[in-house]
Amino acid sequence: MIRPHRSHPLWIAYLLHRLSGLGLALFLPVHFYVLAFALNQPERLDAFLRFADDPLVKVAEFGLVFLLAVHVFGGLRLLALEFLPWSPRQKTMAASAVAAAFLVAGTFFLQAV
Amino acid sequence: MTADSNGLHVDVWRGSGTEGRFERFLVPMQESQTILDVVAWIQQYADPTLSYRYACRVGMCGSCAMMVNGVPRWTCRTHIKKVIKDNAITIAPLRNLPVIKDLAADMDPFFDKWVAAGGVHHPTRDRNDEIEKLSPATPERIETDTGIECINCSVCYAACDTVSSNVDFLGPAALQRAWTLYLDPKDADPGVILEAVSGRGGCHNCHSQGSCTLHCPNGLNPMKAIAGLKRATVSSFFKGGR
């Protein structure tokens, strides 16, 4: 439940940026760990890649790209907001960033299924 | 005037320090009634021991801000029609500040941070010098004009989640004040201001959540001011300053 003083688009944009950042921070060590198999345990990497063909993993990948898209656009939004003199249209920009993130993730999802 | 069953159900925070609870009052509804009117009615007709703070009643002094249904508001300019939900209203002291008693918050930390943010004028001339003439048309002055109508009500400070998670954070109002002074060509040492706003509790703690700007009763934009300070401190750093 979002408390009343927080129920506005900029705070939700902050929340999405923080949650996607935490999600990516959890993902990245696992990502590098699996990539390291290519150097020292190629057979384990192949086994993992076969596992990654599973439709459930594909759906999980959609989530990952969604997190990435949200975080990239959220980060660009913050850079624009703080390093460019900005106007009150900023709220619209925040909403547009979220919408664009949905678009990118949605496109990927459609191609994956 | 007595309360009747058609009245408002008003939950008011009672207590001092960290101790307290909500107490319900039944308050008669009136035409053009503000939250401050509701609080005053309770104090005058239901419980004279209720403590709260107000002065001007017209949105100039910044004394009467409280949390209304979980949102910080200037109560003298908030009509109940705007905030009423199911005939009920919850009124509590401002968030992020110590409670003195009931609805009166201790404003000392808020004002201490105005000083800590470099919010004092550093003069270039004394009273014997001629007054420096400034053009109102410079970009700096136009930007300053958007930030100087602050009434020190602490609504932004109560709305800010960075203040609640970081006791050192100077807060939106103090940083906005620092930004307007930094832009002032009459200020002798803008570097002192940048120093004050770039420390542990400084402008770089701000997460740009925007609650300050959303809730500011005077329509000011402290988040924009803080972004200005972020740019100023970053460019000062890259220019080899402090």
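User: Which residue in β2(B) stands opposite H9(B)?
Analyst: The model is predicted: local features need pLDDT of at least 70, side-chain atom pairs count only at pLDDT 80 or more, and totals for chains, interfaces and linings use all residues. Residues are numbered from 1 along each chain as its sequence is written; chains are lettered from A, and ligands numbered from 1, in the order in which they are written. Strands (E, at least two residues) and helices (H or I, at least four) are DSSP runs numbered from the N terminus. Opposite H9(B), in β2(B), stands L26(B).

User: Over how many bridges do β1(B) and β2(B) pair?
Analyst: Two strands pair if DSSP finds at least two bridges between them. β1(B) covers residues 8-14 and β2(B) covers residues 21-27. Their pairing is antiparallel, and the count is 7 bridges.

User: Which residue in the turn of this hairpin has a positive phi?
Analyst: β1(B) and β2(B) form the hairpin, with 6 residues between them. The residue with a positive phi, about 140°, is G15(B).

User: Which residue of β5(B) is the bridge partner of V10(B)?
Analyst: β1(B) also pairs with β5(B), residues 88-92. This pairing is parallel, over 4 bridges. The partner of V10(B) in β5(B) is I89(B).

User: Which residues of α1(B) are buried?
Analyst: A residue is buried if 20 or more other C-beta atoms lie within 10 Å of its own, exposed if 12 or fewer, and partly exposed in between, with C-beta atoms placed from the backbone. The buried residues of α1(B) pack against β1, β2, β3, β4, α2 (80-83) and β5 of chain B. They are I35(B), L36(B), V38(B), V39(B), W41(B) and I42(B).

User: How far apart are the end C-alpha atoms of α1(B)?
Analyst: The expected span of a helix is 1.5 Å times one less than its number of residues. α1(B) runs over residues 35-46, so its 12 residues should span 16 Å. The end C-alpha atoms agree, at 16 Å.

User: What distance separates the centres of domain 1 and domain 2 of chain B?
Analyst: The domain bounds come from an automatic or database domain assignment. Domain 1 of chain B is 8-105 and domain 2 is 108-238. Taken over C-alpha atoms, their centres are separated by 29 Å.

User: Which element gives the largest share of the side of domain 1 of chain B that touches domain 2 of chain B?
Analyst: Two residues are in contact if their C-beta atoms, placed from the backbone, lie within 7 Å. Domain 1 and domain 2 of chain B each put 15 residues into the contact. On the domain 1 side, β3 (65-68) and β4 (71-74) of chain B each supply at least two residues. The largest share, 4 residues, comes from β4(B).

User: Where does the largest nonpolar core lie?
Analyst: A nonpolar core is a set of buried Ala, Val, Leu, Ile, Met, Phe, Trp, Tyr and Cys residues joined through C-beta atoms within 7 Å. This one has 66 residues; V38(B), M66(B) and L175(B) are among those that touch the most other members. Its largest share, 7 residues, comes from α7(B), residues 172-182. Both domains of chain B give residues to this core, so it lies between domain 1 (8-105) and domain 2 (108-238).

User: What percentage of the residues in chain B is buried?
Analyst: Chain B has 10 helices and 7 strands. Of its 242 residues, the buried part is 43%.
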